[in-house]
Amino acid sequence: MRGLGGFINYLRRNPALGIGLGILLFLMLFSTVGEMFIDPDDAYALSTPINEVPSAEYPFGTDSQGRDLLASMVVGTRMTMTIGMIAGVIGLGVGTVLGFMTGYFGGLIDTVIKFIVDVLMTIPSFLLLIMIASSVPDPDQMSIVQMGLILSIVSWVRPTRAIRAQVLTMRERAFVMMAKLSGMSGMEIIIKELMPNLMPYLAISLAGAVNGGVLGSLGLQTLGLGNLREPTLGMTIYWLRYYNAFLRGMWWWILEPVFIIALAFIGFLLVSIGLDEFANPRTRRTV
Amino acid sequence: MSTPLLELRNVTKIFGSKDNPTVALDDMTFALDEGFPKIITVAGESGSGKTTMGMLLLGFYGPTRGDVLFRGQPLGELNRAELFKFRREIQAVFQDPFAVYNPFYKVDNLLSIPIKNFKLAHSSSEARELMEDALERVGLRQEETLGRYPHQLSGGQRQRIAVARALLLKPKLLITDEPVSMVDASLRSTILKALRGLNQEFGTPIFYITHDLTTAYHISDYIVILYRGSVMEAGNVDTIIRNPKHPYTQLLVSSIPWPDPDIAWGGGQEMIQSSQVAFKAITGCKFAPRCPYKMDICDTKPPDLFALERDHAVACYLYRDSEVIAREELASVFVEA
Amino acid sequence: MSAPLLQVKDLKVYYHVEAGAVKAVDNVSFSMDAGVKMGLVGESGSGKSTMALAMMRMIKLPGKIESGQMILDGTDLVGLTDEEMRQTRLRKLAMIPQGAMNSLNPVMRIDRQLLDGPLDHGVIMSKEERTARIAELLDMVDLAPKVGKMYAHELSGGMKQRVTVAQSISMEPDLIIADEPTSALDVVIQRQVMATINRLLEEFGLSLILIGHDMGLMAQSVERLAVMYAGKMMEIGKTREMFRNPLHPYTQMLIESLPVLENKGKFQGIPGITPSLLNPPSGCVFHTRCPKAWDLCSEKTPQFTEVQSGRWVACHLHTA
């Protein structure tokens, strides 16, 4: 695919990837460029009149703590996505290293890591996260970065497994045999031969890990395990439940974060589907 | 006698689980010498163990019992420098012309990486010259091939580049596993000719693995017929194909569809349906269940290798009056008669 | 003289890709009588596999039957609706595919797969009739009745291929198209499978089109041989005559490059590479590799003409 033009052309044939990336791009712009149009301070409590229905002055309305929900959504999306990114990037990084090492070299390390991965996959990761999050001193002072780090404790597990599986199959391919015959060492083969071919899978793992991080943070924060001041999407949901937004018919408070979360989730899902299509093209273009 | 370059010593390879083992290779001893510029074919059906032999010789898997030795040392005991030398001196051409290429890189990679790793050229222009030279020898032009990705070339071109790689590296031994089976008929001759050239001009011994006896006949000097992991017949390829002695070889040769409508398929020999029964432990000759000449002695223990001529040995009780060759001496049939 | 069983007239099958139209089958015509075994031989890119799919009307996008006719026993297959074609498959026209490993359903027992086709075509059978028919079909291909209760992965390559043969004859079609039925099999098994196919053809009076690239197999199996190259038909004739006296230079070179007992050590290939089907050479598609080509060959495409009774060739040497 040559350059941007070729890429855009490809997206026409892979609508899932195109739409997914579009959604994620939109969310990114919303949370970054969007900040130029709001006052971030308004995202914190006691900034505005409370319980305002959406109007010209407050397009997204306000909540029971006096937050401008438009500002809240903009800032919150950025924060939640950041948490997800931290968990995702660390998860992918660790997963890549472990996945390649165990998949290619096997041996004792493989047996040990495989055991740990299998155990961690059976333990409900959410319970584990709750345990860890609640044992942190002052969970309500937790920073975005700290939350991201907690989530990365479990976000590396699936990528490791997925990458290891791919490496196991790829390792038997004839071009790896050729590389050995050409005098390449194990590490060289991993980096130069295997990794480029696994880029789509790495990207899929990244999408999955970021998504997992976002969902994990939402889960923890909805339960109140997070910084109560910060307007992350998860905390917004915590507060709307705390203040009984459902019973009080404050539909705007409920729909806004839910809609954004749903968009993010769909975005990541479509990107995964699109990348899968890229990695395993159903229609071969060559003759 | 000098140390052979590469050898299998009493190698047995078993796949599968304890309850359902498959013996791919059964107590095989085989040696390949450096200064022996001949082409030796190992032929057999699928399940014969021929590909397993290749993989063991290349060190891609280890034997269940026995040793694979490079210049007298077991592969597992080679240090880093010796292992590098092993890789330098033993090369291969595989069956699938697409699978040997990493689809991410241009085909030049297949040639340039070994040149770089084995320091075959001192500058990039020298490297380029080496590549062009090798490509010419297989009838390819560099402007049509270099700089392209594998999917942009045909199967025949890709396989020829793989052979060009072997020519370029001038290994001490070339192991080829069905190098022409996935290539068009019109191109097979070109590739076989290039391999023969490597053998004759540079004295490189070639270990040719195939199930196709016609190409084996054409390119090789000697042949070893395998059946279910054991040697059935071995020796001079002309003698064996024109006048096979082992009932299994006879079956194989008679099943070749010669491209001549006047040579009847089967040559009149009766065909025995292959057994539908799963592989189970056999105490005697492995071919006995399918053999039209089976005798009682065939079920007792596997037959020894009987020498019919200096360059022709058969593992069959029909020839039990002939002199016995120890299985360890299999390589002794690869001589001029 | 009865009409031929199959008549293909000016068939064109093109694959429409971004870069243009790939002319996989370009203006191919031939005819075949009933009860005949015909071979269709060609190398990669010749169009022979596309022909097989086209005859079964199983060409998938981006491929399309552009034009032409395929008249089987009086009916033009190209003009049939999808439903009519579905009825025709297996009943009048059956295919033995390449790579039997992939054509059998891995989660269905063999007996169900054998009867799948006939039942779908509306044949009503009682339970006893079914059991009997399964045993009958298996016996026809020399397989024991117990194979019916097995799954595909429990069978060897040769056995799987024989099951696909049994499937293809289950409704006694007029014509069987075998697309490289033995290419994945060893020499010994190949001979057995071909012997089975031959026996069935004789027993039921069926016709066969055997598609492949192995000239040796063709020499031993078929009475008529058709040679394709780069999407076009080059030569058709009686197998024996084609081997004794090939008219087209491509056929000549193909036969000369084959290894036989007599020519050990002589390696003769066909120089050059197969042309692009996207931009085929002008005039005769073989002229770039033909040792006998002259000016006319690059200018004008030769007509596929009957030069002797039953012998057709597309070459200016014989038709100009």
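# Notebook: looking around chain B

**Entry 1, confidence.** I began with chain C, whose mean pLDDT is 88, with 99% of its residues reaching 70 or more. I noted that this is a predicted model. For the model, I wrote down an ipTM of 0.87 and a pTM of 0.84.

**Entry 2, the outline of chain B.** I turned to chain B next and found 10 helices and 13 strands there. Along its principal axes, the C-alpha trace spans about 70 × 55 × 45 Å. Does the radius of gyration of chain B agree or disagree with that of a compact globule? For 337 residues such a globule would have a value near 20 Å, and chain B has 21 Å, so the two agree. I also looked up burial: 49% of the 337 residues in chain B are buried. Of the contacts in chain B with a separation of 6 or more, 63% are between residues 24 or more positions apart.

**Entry 3, where chain B touches chain C.** How many residues does each chain bring to this contact? I found 36 residues from chain B and 36 residues from chain C. On the chain B side, H6 (155-169), H7 (185-202), H8 (213-219) and H10 (247-254) are helices that each supply at least two residues. H7(B) gives the largest share of that side, 8 residues. Sorted by class, the chain B side has 13 nonpolar, 18 polar and 5 charged residues.

**Entry 4, the nonpolar core.** I then looked for the largest nonpolar core, which has 252 residues. Which of its residues touch the most other members? They are Val163(B) and Ala164(B). The element that gives the most to this core is in chain A: helix H3 (residues 69-105), with 14 residues. Back in chain B, I followed Ala164(B) and left aside its neighbours within four places in sequence. Its contacts are then Leu111(B), Ala134(B), Leu135(B), Arg137(B), Val138(B) and Leu140(B).

**Entry 5, helix H10 of chain B.** Why is H10(B) described as largely enclosed by the rest of the structure? The reason is that 6 of its 8 residues are buried. I listed the buried ones: Pro247(B), Tyr248(B), Thr249(B), Leu251(B), Leu252(B) and Val253(B). What do they pack against? In chain B, I found H8, strand E9 (222-227), strand E10 (230-236) and helix H9 (237-242). Chain C takes part too, through its helix H7 (187-204).

**Entry 6, an open sheet.** My next stop was a sheet of 4 strands in chain B, open and antiparallel, in the order E2-E1-E4-E5. Its edge strands are E2 (21-32) and E5 (73-74), each pairing on one side only. I looked inside the sheet as well: 5 bridges join E1 (residues 6-16) to E4 (residues 65-70). As one example, Leu8(B) has Val68(B) in E4(B) as its bridge partner.

**Entry 7, strand E6 of chain B.** I finished with E6 (residues 90-93) and asked which way its residues point. Ile90(B) and Ala92(B) point one way, while Gln91(B) and Val93(B) point the other way. In a regular strand, side chains alternate between the two faces of the sheet. Here all four named residues, Ile90(B), Gln91(B), Ala92(B) and Val93(B), are buried. E6(B) is joined by 4 bridges to strand E7 (residues 173-177) of chain B, and the two run parallel. Opposite Val93(B), in E7(B), I found Thr176(B).

Note on methods: Residues are numbered from 1 along each chain as its sequence is written. Chains are lettered from A and ligands numbered from 1 in the order in which they are written. This is a predicted model: local features need pLDDT of at least 70, side-chain atom pairs count only at pLDDT 80 or more; totals for chains, interfaces and linings use all residues. The radius of gyration is taken over C-alpha atoms; the globule rule is 2.2 Å times the number of residues to the power 0.38. A residue is buried if 20 or more other C-beta atoms lie within 10 Å of its own, exposed if 12 or fewer, and partly exposed in between; C-beta atoms are placed from the backbone. Two residues are in contact if their C-beta atoms, placed from the backbone, lie within 7 Å. pLDDT is the predictor's confidence in each residue, from 0 to 100. Ala, Val, Leu, Ile, Met, Phe, Trp, Tyr, Cys and Pro count as nonpolar, Asp, Glu, Lys and Arg as charged, and the others, Gly among them, as polar. A nonpolar core is a set of buried Ala, Val, Leu, Ile, Met, Phe, Trp, Tyr and Cys residues joined through C-beta atoms within 7 Å. Two strands pair if DSSP finds at least two bridges between them.
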